[in-house]
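Me: I would like a close look at one part of this model, followed outward into the rest of the fold. Please keep it brisk.

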Amino acid sequence: MTKKIAFLFPGQGAQSVGMGKDLYDTYGIAKNVYDTADKILGKSITTLCFEGPEEDLKQTVNTQPCIVTTSIAALESFKSELNISPDYTAGHSLGEYCAMYASGVMSLETTLRAIQKRADLMGQTKGGAMSAILNAPEGSVEEAINEASSVGYVDVANYNSPVQVVITGDEAAVAKAGEILLAKGARRVVPLAVSGAFHSKFMENAGKEFEGFVKDLELNNAIVPVITNVDASATSEASEFKKKMPRQIYSSVHWTQTIQKMREEGVEIFIEIGPGKVLAGLNKKIAPEAKVFNVFDKASLESTISALKEELALV
């Protein structure tokens, strides 16, 4: 029996200066992805990724296209060395654009243009705050959000794992919810260094503007279903992606539910493709029994290919 595989792609926060450099130097196909990004976006994605400075790389307008370029370069390098197709794809927030690319929904050029537009709109939206909540007792996040709503708007941005959620909204309300959660027994509350309240109603205008942009994008039906952030459901129709892409900007990221959905569908092997190992870490909390591999540089690509050949009994 063949084992079901999912490709996963990371989101904002996974970036680091130097990411993708050895893929660029080793694989012609990776170099082509980076060179295409430089040309299409009219700025040096290669310099930002390989040399930084970090201050520039962590600006939303740069972070998003840089992570997408690096993830796609890693994907193409991996595919050039091992011919396997996933049964599902998914990406965390901006990673969903890599998932759509991997599933044949968008060409490289369309993916790059779309993520740059998304980054520009999100980067322009200021105000608000976000905090990660670790090990909150069951039901306490909803209670804290209800209580803190008396001082302002607060909501869940990301359901990252059973032991980690991220809250988003007005600065005062996010701080208040954090205090309430600590009092209720949460292990830690970590304020995040972000430029705005992502995945909240602060981003609704950006989402609405993005809707106009998405209307004219050339999208295909997915060859492989994408499990989308907004509802953790398998999506294949181009028309559905056009509806969900703007909504994703201001809706919660249902990551825990996404991985659970893929496990229910029989996925046994998850391959995180792109910088860092954030999603692999979350996976261990959501689906500890599943196998997780990473592809983010030459060494991890080679060790993942060798492990997969053994796992899938490929010759």
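Is Cys49 buried or exposed, and what is its relative accessible area?

Reply: Cys49 is buried. Its relative accessible area is 0%. Keep in mind that this is a predicted model.

Start with the sulfur. The cysteine sulfur closest to that of Cys49 belongs to Cys66, at 3.8 Å. That is too far for a bond, because a disulfide needs the two sulfur atoms within 2.5 Å. Cys98 is in no disulfide either. For Cys98, the nearest cysteine sulfur is that of Cys49, 12 Å away. Cys98 is buried as well, with a relative accessible area of 1%. By this cut-off, the model has 0 disulfides.

Next, helix H5. This helix covers residues 60-81. It has 22 residues and spans 32 Å from its first C-alpha to its last. That is close to the 32 Å expected at 1.5 Å a residue. H5 is mostly covered, with 18 of its 22 residues buried.

H5 also carries one half of an aromatic pair. Phe78 of H5 pairs with Phe7. The geometry is edge-to-face, with 6.0 Å between the centres and 70° between the planes. Phe7 sits in strand S1 (residues 4-9), so the pair ties together parts that are 71 residues apart in sequence. Phe7 and Phe78 are both buried.

A second pair joins Tyr153 and Phe202. This one is tilted: the centres are 6.3 Å apart and the planes meet at 35°. Tyr153 lies in the loop between H8 and S4, and Phe202 in the loop between S6 and helix H10 (204-215), so the contact links parts 49 residues apart in sequence. Tyr153 counts as buried at 17% relative accessibility, because the limit is 20%. Phe202, at 25%, is partly exposed. The model holds 6 aromatic pairs in total. Tyr24, Tyr34 and Phe50 form one aromatic cluster.

Those loops lead to the sheet. It is open and has 4 strands, in the order S4-S5-S3-S6, with antiparallel pairing. The edge strands are S4 (154-161) and S6 (188-191), and each pairs on one side only. From one strand to the next, the twist averages 25°. Inside the sheet, S3 (residues 129-134) and S5 (residues 164-169) run antiparallel and are joined by 6 bridges. Ala132 has Val166 in S5 as its bridge partner.

Two helices lie across S4 and S5. One is H8 (residues 140-148), running at about 160° to S4. The other is H13 (residues 278-286), at about 85° to S4.

One last stop is Glu302, in helix H14 (residues 298-311). At 40% relative accessibility, Glu302 counts as partly exposed. Its C-alpha atom is 43 Å from that of Leu181, with the two positions 121 residues apart along the chain.

Back to the starting point. Cys49 is buried, and its sulfur stays unbonded because even the closest cysteine sulfur, in Cys66, is too far away.

Key
Residues numbered from 1 in each chain as written. Predicted model: local features only at pLDDT ≥ 70, side-chain atom pairs only at ≥ 80, totals over all residues. Heavy atoms only, no water. Pairing = 2+ DSSP bridges. Axes fitted to C-alpha atoms, helices over the stretch in contact; angles between N-to-C directions. Contact = heavy atoms within 4.5 Å. Buried < 20%, exposed > 50% of the residue type's maximum accessible area, 1.4 Å probe, protein only. Expected span 1.5 Å × (residues − 1). Phe/Tyr/Trp six-rings, centres within 6.5 Å; stacked < 30°, edge-to-face > 60°.
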